[in-house]
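The following note sets out comments on the structure shown below. The points are numbered for ease of reply.

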Amino acid sequence: VSWGGKACRRPLTAGRMVLKQIRMTISVLTELFSFGRMEVSQLDALIAEENKKMEVLKRMHAELDGSLEKFKDETLNRTVQEIDQVHNAMKEHDLLLEKLGPDLKNFAASKGG
């Protein structure tokens, strides 16, 4: 009877300890798993946030490129217009000199003589 009482309790106690350790292991693994899921979801949120920032930067870059192209085109067009104005003014000056050339020579000769 004494053999049955003590001998039977030890295996049950050992079995309970094993079950307790298994439960603790499962609990720890469950925590680690949920922590890992939480980490993954946090990483996914960070990646999504960084992707949004990247899209904003891409849009801003495209807008800046467009603005720069527009500025270059406007500056080039304005410069071409200014060169055309100067060129036309030079043509008018040359034509005026051609017209007034003989008169200026006569005037210079009359003053000099």
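**Notes on the predicted model**

1. The structure holds five salt bridges. The model is a predicted one, and the comments here should be read accordingly. Three of the salt bridges are taken up individually in the points that follow.

2. As to overall architecture, the secondary structure of the protein chain consists of one helix and zero strands. Helix α1 covers residues 2-112, and the protein chain has 113 residues, of which 1% count as buried. A residue is called buried when its relative accessible area is under 20%.

3. The accessible surface of the protein chain amounts to about 10,700 Å². Carbon and sulfur atoms account for 65% of that surface.

4. Which residues are linked in a network of salt bridges? The network comprises E49, E50 and K53. Within the network, K53 pairs with E49 at 3.8 Å, N to O, and K53 also meets E50 at 3.4 Å, N to O. Both distances fall within the 4 Å limit that defines a salt bridge.

5. The spacing of these partners along the helix deserves a remark. K53 and E49 both lie in helix α1 and are four residues apart, about one turn of the helix. E50 and K53 are separated by about one helical turn because they stand three residues apart in helix α1. In general terms, side chains of opposite charge can pair when their charged atoms come close.

6. Are the members of this network buried, partly exposed or exposed? K53 counts as partly exposed because its relative accessibility is 41%. E49 is likewise partly exposed, with a relative accessible area of 41%, and E50 is partly exposed at 44%. The class in question lies between the 20% limit for buried and the 50% limit for exposed.

7. A further salt bridge joins R59 and E63, with the closest N and O atoms 3.9 Å apart. Both residues belong to helix α1 and are four residues apart, about one turn of the helix. R59 has a relative accessible area of 47% and is therefore partly exposed. E63, at 46% relative accessibility, is also partly exposed.

8. Attention is also drawn to a nonpolar feature of the surface. V18, L19, I22 and I26 make a nonpolar surface patch of about 340 Å². Of these residues, L19 is placed in helix α1. L19 counts as partly exposed because its relative accessibility is 45%, a value that also satisfies the requirement of over 30% for membership of a patch.

Key: Residues are numbered from 1 along each chain as its sequence is written. This is a predicted model: local features need pLDDT of at least 70, side-chain atom pairs count only at pLDDT 80 or more; totals for chains, interfaces and linings use all residues. Side-chain values use heavy atoms; hydrogens and water are left out. Patches are made of residues with over 30% relative accessible area and no salt bridge: like charges are joined within 9 Å, nonpolar side chains (Val, Leu, Ile, Met, Phe, Trp, Tyr) within 5 Å. Accessible areas come from the Shrake-Rupley method with a 1.4 Å probe; for residues, only the protein chains shown count as cover. A salt bridge is a side-chain nitrogen of Lys or Arg within 4 Å of a carboxyl oxygen of Asp or Glu. Helices (H or I, at least four residues) and strands (E, at least two) are DSSP runs, numbered from the N terminus. Buried means under 20% relative accessible area, exposed over 50%, partly exposed in between (1.4 Å probe, protein chains only).
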